[in-house]
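This report is for a reader who meets the structure for the first time. It starts with the terms and the overall build, then turns to the sheet, the helices and a few single residues.

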Amino acid sequence: MPNGYDIIGDIHGQADKLRHLLAQLGYREEDGVHRHPQRQVIFLGDFIDRGPKQLETLGIVRPMVEEGTALAVMGNHEFNALAWYQEDPEAAGAYLRPRTDKNHRQHRQFLAEVESDAELHGQLMGWFRTLPLYLDLPGLRVIHACWHPEHLAHIQPQLDADHCITDALLVAASRRGSAEYVAIEVMLKGLETPLPKGVTFHDKDGHERANIRVRWWDPELRHYRSAALIDEATRAKIPATPLPDSVAIGYRGDKPLFIGHYWMTGDPEPLTPTIACLDYSAGKEGPLVAYRWDGESQLRADKFLGSLP
């Protein structure tokens, strides 16, 4: 049992930011593995896509996990990579994640580094399969995007003993509309809800959306406008119509919970006294952020550390 955990947010191929942050945290590379004499890292997933150094990032993360100097959970980008790679057992020549232009654009940085080496690509997909969907440790919990008790209960029997996805679950969760698809979408991409009939908005990429991603961790959720996880200018266009009760899942707060995924900006701080997001847009221009957890039950802003090399 380490003396403390250093939980690190989404890396997205930013190996330089990762090396710099590990050095700030006091980890030193020995025989190809970053180690700390007393502490252990927990990675929140999304190691790949977007950034310039995909394999270099995995070359840091994977040895740490395999040598026990780090733990890690699966992000939606690792799940998507598995579904892209895996042939559909029910449709010859097709894959679980359709190989559309849009999906290729999201995955192209990783593919550019691995597609020419089929053996390496397969090895990395095998390692992604070993990443648990969540961690429920003494004192804290970790999941990539959303701790949703109902979906966790549904998925649990379909995970292996280490909380990793099985072959059957990978297939089922790739079938749009299935209960498994919905559960994995929520846990790895966040909770969404349809807007009132006839209401839409355009996202940052210009796509028209009829659903909003929800600030599910907020205990004061009351209406669509306050719940929407979007920029302030767009939020003002969302109606203040009351939310359905099913959206307010809450979190019982008996242990601190750490998540990534949400491309936060500004000064890192807890979302609630027991929930912290550690994705501060390192995949773009933002810092790679860690939280130094030392057993506290109430999270503190001064325990965040951000790194830009």
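The expected span of a helix is 1.5 Å times one less than its number of residues. Helices (H or I, at least four residues) and strands (E, at least two) are DSSP runs, numbered from the N terminus. Helix 2 has 13 residues and spans 18 Å between its first and last C-alpha, close to the 18 Å expected at 1.5 Å a residue.

The model is a predicted one, in which local features need pLDDT of at least 70 and side-chain atom pairs count only at pLDDT 80 or more, while totals for chains, interfaces and linings use all residues. Residues are numbered from 1 along each chain as its sequence is written, and side-chain values use heavy atoms, with hydrogens and water left out.

**Overall build**

The protein contains 10 helices and 15 strands. Its C-alpha atoms fill a box of roughly 60 × 50 × 40 Å, taken along the principal axes. The radius of gyration is taken over C-alpha atoms, and the globule rule is 2.2 Å times the number of residues to the power 0.38. For 309 residues a compact globule would have a radius of gyration near 19 Å, and the protein agrees with its 19 Å.

Buried means under 20% relative accessible area, exposed over 50%, and partly exposed in between (1.4 Å probe, protein chains only). Of the 309 residues in the protein, 50% are buried. Contact means heavy atoms within 4.5 Å. Among contacts between residues at least 6 apart in sequence, 64% join residues at least 24 apart.

**The five-stranded sheet**

Two strands pair if DSSP finds at least two bridges between them. Five strands form an open sheet with mixed pairing, in the order 5-4-1-14-15. Strand 5 (70–72) and strand 15 (304–307) are at the edges with a single partner strand each, so one side of each has no neighbour in the sheet. On average, neighbouring strands of this sheet are turned by 25° against each other, direction ignored.

Within the sheet, strand 1 (residues 4–8) and strand 4 (residues 39–43) run parallel and are joined by five bridges. Gly4 stands opposite Arg39 in strand 4.

Two helices pack on this sheet. Axes are lines fitted to C-alpha atoms, for helices over the stretch in contact, and angles run from 0 to 180 degrees between N-to-C directions. Helix 1 (residues 15–24) touches strand 1, strand 4, strand 14 (288–293) and strand 15, and its direction makes about 140° with that of strand 15. Helix 2 touches strand 4 and strand 5, and its direction makes about 105° with that of strand 5.

**Helix 2 and helix 5**

The buried residues of helix 2 are Gln54, Thr57, Leu58, Ile60, Val61 and Met64. Seen down the axis of helix 2, they fall within an arc of 160°, so they line one face of the helix. The arc is that of the directions from the helix axis to the C-beta atoms. Their cover includes helix 1, strand 3 (33–35), strand 4, strand 5, helix 4 and helix 5.

Thr57 lies in helix 2 and has 0% relative accessibility. Not counting residues up to four places away in sequence, Thr57 touches Ile11, Gly13, Gln14, Ala15, Leu18 and Phe47. After helix 2 comes Gly68, with a positive phi near 85°.

In helix 5 (residues 118–128), His121, Leu124, Met125, Trp127 and Phe128 are buried. Seen down the axis of helix 5, these residues also fall within an arc of 160°, so they line one face of the helix. Ala118 and Glu119, on the other side of helix 5, are exposed. The buried residues of helix 5 pack against helix 2 (54–66), helix 3 (76–85) and helix 4 (101–114).

**A hairpin**

Strand 6 (residues 134–137) and strand 7 (residues 140–143) pair in the antiparallel sense over four bridges. Asp136 has Arg141 in strand 7 as its bridge partner. Two residues separate the strands of this hairpin, and Gly139 in the turn has a positive phi of about 100°.

**Three histidines in loops**

| Residue | Loop | Relative accessible area |
|---|---|---|
| His12 | between strand 1 and helix 1 | 1%, buried |
| His163 | between helix 6 (149–155) and helix 7 (167–172) | 24%, partly exposed |
| His207 | between strand 9 (201–202) and strand 10 (208–209) | 37%, partly exposed |

Most residues other than glycine have a negative phi. His12 has a positive phi of about 50°, and the phi of His163 is positive too, near 70°. His207 contacts Phe201 and His202, leaving aside its neighbours within four places in sequence.
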